Each structure stands twice: as structure tokens, then as C-alpha cells.
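Student: I have a structure open and would like to work through its contacts. Can we go step by step?
Tutor: Yes, ask away.

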Amino acid sequence: MDDRSWIFIEDRVNNPYFEKCLSDFLKFAYKKKEVGSRIYCPCRRCKNSERRKEETVRAHVTMKGFLTTYTNWIYHGEDPRDFNQENMNNGVFRRIENDDMNELIHETLGRTLEENSNINLEELRGACDEETNKFFKLLKHVETELYLGCKNFTLLSFVIKLLHVKSLCRWSNNSMTILLELLKEVFPENELFPSSYRDAWKIVKDLGLSYHKIHACPNDCLIYWKETEHETFCRKCGTPRYKQIVTQSDDSSEQANKVPAKLVRYFPLKPRLQRLFMSSKTASLMRWHEEERIKDGKLRHPTDSLAWKHFNNRHPSFASDPRNVRVGFAADGFNPFKAMNNKYSTWPVILVPYNLPSWMCMKQTSFMLCLLIDGPKAPGNDIHIYLQPVIDELNEFWDPGVPTYDAASKQMFYLRAALLWTINDFPAYGNLYGWSTKGKYACPCCNKDVRSQWLMHSKKHCYLGHRRFLAIDHPYRLNRAQFDGTIEKHSRPVRWFEILEQLRDFRNEFGKDQPVSSARKRKRRTKDNNDSEQSPICRYNWKRLNIFFQLPYWVDNLLPHNLDIMHIEKNFLENLLWTLLGMGKTNDDINARYDLKEMGIRKALHPQSKGDKVFLPPACFTMSKDEKEIFCNVLKTVKVPDGYASNISRCVNIKERQISGLKSHDCHILMQQLLSIAVRRILPKHVCRIIIELRDIFRQLYSKVLTVADCETLDCLSAFFSDEDNLGIDNTIDDTSDDDDFFDKAQQGDKADD
């Protein structure tokens, strides 16, 4: 095996090339070994220090990677003298031949070095268009040696690698400039070598994928773009476009620098989508969803979804060419300074191309950052003004399309693209949808038909009426005692055409309100002014007419807005832990019990007065102090494989009987693996059974393969509980019920997962 470049591959799972090379390596290692014997494991964890069987070695190398420094396989039968210079040049060390700057420039500008080998650059430089001049400039840097006689790097390849290291190691621009100044002294004969970070960036900027800076009003009223590009004051609030920063010049006169009050970085979508087809490595993969996908009716990829198929039926001309791109939209805020006490929120907007295979489309390298909205305040409901450049470019992709070169077919075609849906957490969902997710009408799906009730003691709204989503003949609709004391007769809520009717003649008013005196109180919205035709902005809970309606096909999307299952799982687990341990924002406090009494339900849980004290009857899920300590001890002592999860034991405080500081992935591991084990011998069996069934639901949602029948089962919520006893609401506990078979099956499932 002369070619050993496969040991550097990071995307190893389900990679046919890696599996073939690994099989060849194992055949080589067992050439002089007996079948079933053990060999040294060359994975990055064992590092040839442990002997293992062939199946274990294969699993270790696939999951943890091959030890990249182990290039001379002396522990597996190779003679050290066989490792010659030819092996080194065949991929073990990354040389200039593997950098392939020619291919990089070809995929960027659609030209090759061979096509221009006999061209006099100086004679044609002034007579060429801008794109050709960029190519000639890059060509000059490709042909320039880093220093006289250098065979490993050219100027362009060295600068690209150096900038890559800067990004990986998070060097500052100043430290990069200091290093380049030192290297400039090392290579004095190279006049083109950059002496600062700015000069280095000028060398590679012609490779494309740059961004545009768009100024914005700090109150989120507008962006200075198109017709407002040259204005210096906001049209609505009158806020200046620039900060007035006065500096002292050399002649002692004051000079003001124009620094924008707020900045938005826009990354054009057109060159990024075109690059997917201009690259020979990804052009054929953009048709994978149609030509190579397994079509057996199961859900493995967004292509298998009903929303995708419904869109194809409504737009057959778009669906006729498999190269047309479908994208998903995701946006959320984060604090870039990692200081949780600092109130700063930056919002990235990311597009995900779904044409790629399922093992590629959700990789970080496939995400396309198209917008970066600066803080310090989150845009909130005014995020729509920042999305205008993205929407305009998506409209251009829809009709007539963008001329693009396809490296697979070696011909030009008109590339079209469509936005299928958005994916967010619930607050961002409300911002993009335009519907306020707070107050009486918080549910966007139920719209004006939300069944909410104000809890007088807990001082918050609760949302009922979920049984309306069940089948019309479902027995839960007639069950009064186990729910809110009523019979559910309503059908599923509002449809798209009703929403469009509500938004007719809706007027958007962007911008944050100016601060007012604390003596002034906000006027409470009543039914009269909430539904008034004279006040369209306050109609129901609509805050904005979302900008996605400017896309001509948006009304044809079957599922335009989606919630991120990761946030749902995290919020669900946190509330479950708070309630079980009675900590933080528990849902079973004295106020909740008084609200149950006010509603006239769950009489066994109503608070009881005993003299001057109030006694709260224990619920079926209430744990004693000793049980809480046992629960925390299980999680404190749990050990998981390296890289499987973070150190969950650090989040557990046995003395205080509390759990805090869980990250999203920690909640995922707790919900799907550890929680059902920790409560199995503490809580009653019918309560544990509910938790295990809920765990199975999340497992099913996270599974790589789903069927339509599975989704229908989850949709009608019948998978949550198999009978009324599983609701876990009654205070009575039946200890005589025999659920051993159920727990045995659950334990077998845990062992299978492990």
C-alpha cells in the first residue's frame, strides 16, 4: 500500500474509500498472523499500545481515526527499509502536488493554467475584464516560488496555509502581521511576499467568497441599502448613521472618523451555490438526492419528506432538473464574548443546501453563512429588515435563475434555488413567523383559536386544548377527570388560507420604540383594541408580516416553519428535573397546587390547611430526600466513553440535591440514556414507564430512518401513553401491577444501545 493519504481522512463513517483502504491494511497486517489472533491497534487512542482483535481494531480506527504519525507500519509486518522517499511523496506528507492550486483557480474562475500557458500577461492585463485580471493576478502568485529553489510551496499556497493556521489557532491580526514581518526578512528576495495581514488577505481575496458590509439603524428601523444607501440619517427615528468619533491628527486639528452605528455583514449566496457546481468534487453530489438516493418509502433525507414532494407537485418545472437547489434557513442569537453576564447578542443566519447526501448536508463544512447581524441588542421582530438582501437574491434564483457552469456535465445551465423552511427555537420562530409567542395567543399553530387560561396564583398563562389534534373519535376527547375537566369537541385549528386572510392589508412598522419615562405604564391590550380593524398591527398576536411572503412560492410550502428538536429536548428535560427534584422553576409548587384547586381538578393534590401551616399532599412523582440523594448519586458516579458526553458529574451537587449547568448535548445523553436508569428503582413503575416511553419518543425522532407510520403515531400523541393509568396524574399508586416484562425490555434496549 503505497498511497497512505487515507489515514488523514476525517469523514470516515460510511466512506467506501476509507473502508477499502482499512480492509487492505488489515489484510496486510494479518498476512503473517493466524486468523483470530490479536494485533496492535493503530487508532489515535490506543497508539499501538494494546493488542486487539480484528473487529475491534476496525471499529476503533473508524470511530477514533488512524494514528497520523504512524506512517511506517513496523508493528504490522513492514520492514523499515521499505519506507522510502516514494512513500513520502504519495500522500503521507502533503506536498505542493496535493495542494493543486491549478484546480483551485479553475473552480474559482472557470479557467485553467494550460489554457493560458502561452499568454503574455503584461500585454493583455490592460485589455481584459475584471474577472480575467483576477485570474492573471492569481496565476502570477501560483507561478511565484516562495524562495529561490523552493519545491514545496508557491506564494499562493503558502499564504493560504498560513491564513488557515491563523483561523484554526485564533491568532489576532496583529500577531499575524508580526509573523509576516519576520518572514519578510527571511525571504527578502521575494518582492511579492506580504508584509502584513492586510497584504496577505489581498492575495487570496480574488478566490471569492467575500462579504459586503451594510450599515443599519441602531434602532433596527432600516438598512442603508438600495434607495437609502447614501442617506446619513434614519428616515423614521432620525438617528445618525455614523458614530461621531473625534481623533487628533498630526496638525492638531480635530478629524471625525465615520464609524457606522450598526453593521451587518452580508455574504452573497450566488457565488457559494455556484461554487458547489464549479467544483468537480461536489458537482455530481448535488444530484445525489435524485439519482443515488434509496427510494423505499422510508424517511432518511429531506427529499423523502411530504413537504419536499408537495413542493415538487406544485412546481413541476423546478423539480424537473435535479440540480436545482433546495435550502433550509436557520437563525439564532449567541454571545460571541462567552461572558454570560454581558448582554450582547450576535445573530448569524445560515442556509443549508439539502441536495447533498445525508452524511454531508448537515456537516459544518456544508453550512453557508449568509448574514451576520451585529449586537449588542438582538433584532427581535425587526429581523425582517436585515433579511431583505437574502430574499432578493433568492427571488433572483427562482426566476429566471443564475447562469452556472456544471463541472460534472461540462456545460452551462440556469441554476435555480428555493427556500423550503426555517428551523429555529421557539422565540426565534416567533420572530421569523411574525407572531408573538407570548401572552394569551402564544401558539402560532392554534392562532386565534388558542385555549389559554390565566393562572391567578402562578401569575402566568397555561395553554390547554391539545386534545383537538387527536382523532375525532379518540377516547381522550371525552375524558374529563384526567385532563382539564372538559370534553374536547373542537377540530384542528387554523389553516394557511385563514392566515393569509388575517394578514391582508397588514402594515409593517419596524424599529425599536424610544425609551419612555418609568412613570408611564404600558396600556393593557383588551379585546376591543386587539381585534379592531382600525389597528391592524394589534390584530390577534401578529407583530410583523414576515418577509418570506415576498417569495412567490412561499404559500406553497407545506411546512414553512419548524422547531429545533434539540431545544425542545433540552427544555423538556430541564423542566422534568426541576419538577422531580423540586428545584429552580419547578412546576409543582404551592402556587401550582392552588391553581389546581381554582380549576377544580386533581382534588387529591389540593393543598390542605393544618392550623397555621399548609400541607401539600405528595404526588406520585414526589421524591423524598433520600431518594433525591440516590438519584443524584447515580448521575454523579456515571462514567461514559471518552467523547461520548461531557463530565456530567460536575453538574451534580449531592449535598444540595441539585443539577445545574447542563449543556444541550448533556441533556440529550441524560434524556435518551441515563434518566430512565436513574429513576427506575426510585419512582413508581407507572411513572417510570412514562419517562421510558418519552425517552423512546425522542429516540425515534432522532433516529436516522423513520417511516410515515412512525410520524403519524407521534403526531396523534397516542405513543405517549398506552392507557389512562400511564398518565401519572392520579395520586394513587398501584404497587401490585406487574410491569417486569416492560422494564426487562427497556433494559435490553439500553444494553443494545450501549
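Tutor: A salt bridge here is a side-chain nitrogen of Lys or Arg within 4 Å of a carboxyl oxygen of Asp or Glu. Keep in mind that this is a predicted model.

Student: Which residues are linked with Arg287 in a network of salt bridges?
Tutor: Look for acidic and basic side chains that connect to one another. Arg287 belongs to such a network of salt bridges. Its other members are Glu291, Asp321, Arg323 and Asp406.

Student: How many salt bridges does the structure hold?
Tutor: The network is part of a wider set. For the structure, the count of salt bridges is 25.

Student: How far apart in sequence are the parts tied together by Lys262 and Asp220?
Tutor: The two side chains meet in a salt bridge, 2.8 Å from N to O. Lys262 lies in the loop between strand 5 and strand 6, and Asp220 in the loop between strand 3 and strand 4, so the pair ties together parts whose separation in sequence is 42 residues.

Student: Is Asp220 buried or exposed?
Tutor: Buried means under 20% relative accessible area. Its partner Lys262 has 5%, so Lys262 is buried. Asp220 has 1%, so Asp220 is buried.

Student: Which residue forms a salt bridge with Arg265?
Tutor: The closest N and O atoms of this pair are 3.1 Å apart. Arg265 sits in strand 6, and the partner sits in the loop between strand 9 and helix 16, 109 residues apart. Arg265 is partly exposed at 22%, while the partner counts as buried at 18%. The partner is Asp374.

Student: Which helix holds Glu396, the partner of Lys270?
Tutor: Lys270 and Glu396 form a salt bridge, with the closest N and O atoms 3.0 Å apart. Lys270 is in helix 11, and the pair ties together parts that are 126 residues apart in sequence. Lys270 is partly exposed at 26%, and Glu396 is partly exposed at 34%. Glu396 lies in helix 16.

Student: Now the rings. What kind of aromatic pair do Phe153 and Phe158 form?
Tutor: The structure holds 30 aromatic pairs. In this one the centres are 5.9 Å apart and the planes make an angle of 75°. Planes over 60 degrees apart count as edge-to-face. The pair is edge-to-face.

Student: And what kind do Trp398 and Tyr553 form?
Tutor: Their centres are 4.5 Å apart, with 45° between the planes. Stacked needs under 30 degrees and edge-to-face over 60; the rest are tilted. This pair is tilted.

Student: What is the relative accessibility of Tyr553?
Tutor: Trp398 lies in helix 16 and Tyr553 in the loop between helix 19 and strand 15, so the pair ties together parts 155 residues apart in sequence. Trp398 counts as buried at 10%. Tyr553 also counts as buried. For Tyr553 the value is 0%.

Student: Which ring has Arg323 over its face?
Tutor: Arg323 is also a member of the salt-bridge network. Arg323 lies 3.9 Å from the ring centre. The ring belongs to Phe413.

Student: Which residue joins Asp399 through a cis peptide bond?
Tutor: Most peptide bonds are trans. This one has omega of about 10°. The partner is in the loop between helix 16 and strand 10. It is Pro400.

Student: What phi does Lys410 take in the hairpin of strand 10 and strand 11?
Tutor: Strand 10 and strand 11 run antiparallel, joined by five bridges. One of the bridge pairs is Val402 with Leu415. The hairpin has four residues between the strands. Lys410 takes a positive phi near 55°.

Student: Where is Lys47, which has a positive phi although it is not a glycine?
Tutor: Most residues other than glycine have a negative phi. Lys47 has a phi of about 55°. Lys47 is exposed, with a relative accessible area of 52%. Its place is the loop between strand 1 and strand 2.

Student: Last one. Which residues make a nonpolar surface patch with Leu306?
Tutor: Leu306 is in helix 13. At 57% relative accessibility, Leu306 counts as exposed. The patch covers about 290 Å². Its other members are Leu558 and Leu559.

Technical notes. Residues numbered from 1 in each chain as written. Predicted model: local features only at pLDDT ≥ 70, side-chain atom pairs only at ≥ 80, totals over all residues. Heavy atoms only, no water. Patch = residues over 30% accessible without salt bridge, like charges linked within 9 Å, V, L, I, M, F, W, Y side chains within 5 Å. Areas by Shrake-Rupley, 256 points an atom, 1.4 Å probe, with all protein chains shown as cover. Helix = DSSP H or I, 4+ residues; strand = E, 2+ residues; numbered from the N terminus. Buried < 20%, exposed > 50% of the residue type's maximum accessible area, 1.4 Å probe, protein only. Pairing = 2+ DSSP bridges. Phe/Tyr/Trp six-rings, centres within 6.5 Å; stacked < 30°, edge-to-face > 60°. Lys NZ or Arg CZ within 6 Å of the ring centre and 35° of its normal.
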